[in-house]
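Me: Please choose one part of this model, look at it closely, and then set it in its surroundings. I would like the cut-off behind each term stated once.

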Amino acid sequence: MTRRRRLRELYVRIWRTCTAWAPTLLPLAVIVFVPIGLLDGVLHSVETHSLDVTGGFRFFAFLGAAAAITASSLFGEVFFSGAVAISLTHPEHEHPPSIRQIAGHISYLKLIAVDFLYTVAIVAGVFAFVIGAFLVFVYLSLAGPVVELEKHSVRGGFMRSFRLVRGHFWMVAAVVVPIEVIGDFVNEVVVSLAHSTLGEGLLAAWAGESVSNIITAPFFGVAVVLLTLDLIHHRDGTGPILKRRPAPVPAGDAA
């Protein structure tokens, strides 16, 4: 199979998985991203030019604000992708796990640590060299799912992600980078619509950030989970299996 065909089929699988699992993914996204949307709204409400700093420090203030916005836009995606991994790999012959069941299986501390360190590393790459941020973003993008799927430690999750992506860097980049870029574009559109409807206050920023993340995060989460499953099987020959969402029971058969 050619790389182009493989990539096209992967995007089709991402779309089909997102639509099939939307009843599970969207409520989960609401729980994760409504609180994070408040943080995003606060950060996006800060106007760098209004900071009381001299010209010599204004550039660094701008970089700091840009780094904070970058962090807020990324924070939560790794945590959410770990939760998506639980949703999509539930045991055979069982119904899809409820939100309560998913919540009971999430490795909260490890995923929060992975999410935080991943974001810090990317922000450090922004300050140091943009290419560094790009490499970190791609090589470590699977850390959330592998922590949940294989129960790695935080350090082990980063190392496992790097090993899985190595040799498949451009394939992974061709999936996660466009989805992230398109997600950022959708974010800007939704936030602009929220401000035009609700004004320029924090409420509009909170609503815009929350809604945009709820719309876009499932695609990123599903993408990295599918990539993780594929690369685990490619490397090890075995691993967790993506489950089919059971078809709804017809009303006549439920009685």
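Reply: Helices (H or I, at least four residues) and strands (E, at least two) are DSSP runs, numbered from the N terminus. On that basis the elements of the protein run α-α-α-α-α-α-α-α-α-α-α-α from the N terminus on, with 12 helices and 0 strands in the protein. The model is predicted, so local features are given only at pLDDT of at least 70 and side-chain atom pairs only at 80 or more, while totals for chains, interfaces and linings use all residues. Residues are numbered from 1 along each chain as its sequence is written, and side-chain values use heavy atoms, with hydrogens and water left out.

The part I have chosen is helix 8, which spans residues 143-150. Of its 8 residues, 7 are buried (under 20% relative accessible area, against over 50% for exposed and in between for partly exposed, with a 1.4 Å probe and protein chains only), so helix 8 is largely enclosed by the rest of the structure. The buried residues are A143, G144, P145, V146, V147, E148 and L149. As background, 42% of the 255 residues of the protein count as buried.

One neighbour of helix 8 is helix 4 (residues 77-88), and the two axes, taken as lines fitted to C-alpha atoms over the stretch in contact, come within 7 Å and cross at roughly 40 degrees, on a scale from 0 to 180 degrees between N-to-C directions. That makes helix 4 oblique to helix 8, since angles under 35 degrees count as roughly parallel, over 145 as roughly antiparallel, 65 to 115 as roughly perpendicular and the rest as oblique. The crossing is right-handed, meaning that the near helix is turned clockwise from the far one by less than a right angle. The contact (heavy atoms within 4.5 Å) is made by V78, S81, G82, A85 and I86 of helix 4 and by G144, P145, E148 and L149 of helix 8. These residues divide into 5 nonpolar, 3 polar and 1 charged, where Ala, Val, Leu, Ile, Met, Phe, Trp, Tyr, Cys and Pro count as nonpolar, Asp, Glu, Lys and Arg as charged, and the others, Gly among them, as polar.

Just after helix 8, K151 takes a positive phi of about 60 degrees, although K151 is not a glycine. K151 lies in the loop between helix 8 and helix 9 (154-165).

Turning to the wider chain, residues 24 or more positions apart account for 78% of the contacts in the protein with a separation of 6 or more. One instance of sequence-distant residues in proximity is L202 in helix 11, which is 161 residues from G41 in sequence and 6.1 Å from G41 in space, C-alpha to C-alpha. L202 counts as partly exposed, at 40% relative accessibility.

The structure also holds 10 aromatic pairs (Phe, Tyr and Trp rings, the six-membered one for Trp, with centres within 6.5 Å; planes under 30 degrees apart are stacked, over 60 edge-to-face and the rest tilted). Among them, W15 and F219 are stacked, at 5.9 Å centre to centre and 15 degrees between the planes. This pair links W15 in helix 1 (residues 3-20) with F219 in helix 11 (residues 202-236), 204 residues apart. W15 is exposed at 51%, whereas F219 is partly exposed at 28%.
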